[in-house]
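Work through these exercises with the model open beside you. Try each task before you read its solution.

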Amino acid sequence: MARTSRETRTIRPAARRRPAKPAAERPAPRRRRPAGETPYHHGDLHDALLAAGERVLERDGLAGLTLRAVAREAGVSHAAPTHHFGDLTGLLSELAAIGFRRFNEAMIVARNSETHPLMKGMANAKAYVAYAQASPGMYGLMFRTERIDMSRPSLHEAATASFAGLASAVGAGRNEKLTGEALEALSLDQAAAIARAWSLVHGFTTLLLDGRLRDILHRLPEGTGVDQLLDAMLRSTVQRPPT
């Protein structure tokens, strides 16, 4: 008599294999994201990198502005800034172009707020200083010729427009039209007037940002400060300024 097994075996039917999907229906393999890269969902990456660069510039200064720092600030791969701007000079030049455009727009608004030619020039100078105070990092970059490429089309165009605005304000104070062809062929006297006005306001701005005016400012009468000092300085340099 055959011995029966102590274990009861359950016989299961073999699992039915599903037919393979055609290659066209298979989902594409997921790209493995490099370490440190995060998904980007905030619109145009080119503009986002510039915005990140400006934040780094104003927070950490020009010394802290690197391609890696910008990528980290924007939350993208380290290769992204290089892809869009080529190198650090390219990124800095595009940032400077943005600075010059804003700079020029601020001075246009200031000039248009006045009607008297001399007051237009003073408003222009005050807007010049105000922009530098509000964005010292950007302002400093705009005049660091060794760090930017002035031949880059966007920067050349923005800087040229800014200079034309300055010349126009100087010309208005002299009852002259220093725009277009007239700006391309200046007399020595006209060139000297533009250089004098630019040197005056740029020198004041540089001293202010570098903290070199503190010794003068703390000696001023109570209730007066940078704005009053600038206004008094400008009025002392123009011919019979209106009250």
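**Exercise 1.** Decide whether Thr 237 is buried, partly exposed or exposed.

*Solution.* Start with the cut-offs: buried is under 20% relative accessible area, exposed is over 50%, and partly exposed is in between. The model is predicted, and the relative accessible area of Thr 237 in it is 45%. Thr 237 is therefore partly exposed. Next, place it in the chain. Thr 237 sits in the segment after helix H11, which spans 226–235. Last, look across the sequence. Leu 200 is 37 residues away from Thr 237 along the chain, yet their C-alpha atoms are 9.4 Å apart.

**Exercise 2.** Describe the largest pocket: its volume, its lining and the helices that build it.

*Solution.* Take the volume first. The largest pocket holds about 650 Å³ of space. Now count the lining: 24 residues form it. Nearest the centre are Leu 118, Gly 173, Ala 197, Thr 237 and Val 238. Then assign the lining to elements. Helix H5 (117–134), helix H7 (153–173) and helix H9 (188–209) each give two or more residues. H5 supplies the largest share, six residues. Finish with the chemistry. The lining divides into 14 nonpolar, seven polar and three charged residues.

**Exercise 3.** Locate His 116 and say how far its C-alpha lies from that of Gly 173.

*Solution.* His 116 belongs to the loop between H4 and H5. Its relative accessible area is 34%, so His 116 is partly exposed. Gly 173 is 57 residues from His 116 along the chain. Their C-alpha atoms are separated by 8.6 Å. Gly 173 is also among the residues nearest the centre of the largest pocket.

**Exercise 4.** Two glutamates, Glu 54 and Glu 94, need a verdict: buried or exposed?

*Solution.* Begin with Glu 54, in helix H1. Its relative accessibility is 17%, so Glu 54 counts as buried. Set aside residues up to four places away in sequence, and Glu 54 touches Leu 95, Arg 102 and Met 138. Turn to Glu 94, in helix H4. With a relative accessible area of 13%, Glu 94 is buried. Leaving out neighbours within four places, Glu 94 is in contact with Leu 50, Phe 85, Arg 152 and Ser 154.

**Exercise 5.** Find the residues that touch the most other members of the largest nonpolar core, then follow Phe 204.

*Solution.* The largest nonpolar core has 50 residues. Those touching the most other members are Leu 49, Leu 65, Phe 100, Phe 103, Leu 141 and Phe 204. Helix H4 (residues 88–112) gives this core its largest share, ten residues. Another core, of seven residues, lies apart from it. Ala 167, Val 170, Leu 183 and Ile 194 are among its members. Now pick out Phe 204. Beyond residues up to four places away in sequence, Phe 204 touches Val 129, Leu 213, Val 226, Leu 229, Leu 230 and Met 233.

**Exercise 6.** List the buried residues of helix H2 and name elements that cover them.

*Solution.* H2 runs over residues 67–74. Its buried residues are Leu 67, Ala 69, Val 70, Ala 71 and Ala 74. The cover over them includes helix H1 (45–60), helix H3 (80–85) and H4. Then step past the end of the helix. Just after H2, Gly 75 takes a positive phi of about 75°.

**Exercise 7.** Asn 175 has a positive phi; find where Asn 175 lies and whether it is buried or exposed.

*Solution.* Phi of Asn 175 is near 60°, a positive value in a residue other than glycine. Asn 175 lies in the loop between H7 and helix H8 (181–184). Its relative accessibility is 69%, so Asn 175 counts as exposed.

**Exercise 8.** Step back and sum up the whole protein chain: helices, strands, burial, contacts and surface.

*Solution.* Count the elements: eleven helices and zero strands. Check burial next. Of the 243 residues, 33% are buried. Then consider contacts with a separation of 6 or more: residues 24 or more positions apart account for 64% of them. End with the surface. The accessible surface comes to about 16200 Å². Carbon and sulfur atoms hold 53% of that area.

Note on methods. Residues are numbered from 1 along each chain as its sequence is written. This is a predicted model: local features need pLDDT of at least 70, side-chain atom pairs count only at pLDDT 80 or more; totals for chains, interfaces and linings use all residues. Side-chain values use heavy atoms; hydrogens and water are left out. Helices (H or I, at least four residues) and strands (E, at least two) are DSSP runs, numbered from the N terminus. Buried means under 20% relative accessible area, exposed over 50%, partly exposed in between (1.4 Å probe, protein chains only). Contact means heavy atoms within 4.5 Å. Accessible areas come from the Shrake-Rupley method with a 1.4 Å probe; for residues, only the protein chains shown count as cover. On a 1 Å grid over the protein atoms alone, a cavity is a set of points where a 1.4 Å probe fits but cannot get out, and a pocket is an open set with protein on both sides within 12 Å along at least five of seven lines; lining residues have an atom within 4 Å of a point. Grid points are joined across faces, edges and corners, and a volume is the space filled by probe spheres set on the points. Ala, Val, Leu, Ile, Met, Phe, Trp, Tyr, Cys and Pro count as nonpolar, Asp, Glu, Lys and Arg as charged, and the others, Gly among them, as polar. A nonpolar core is a set of buried Ala, Val, Leu, Ile, Met, Phe, Trp, Tyr and Cys residues joined through side-chain atoms within 4.5 Å.
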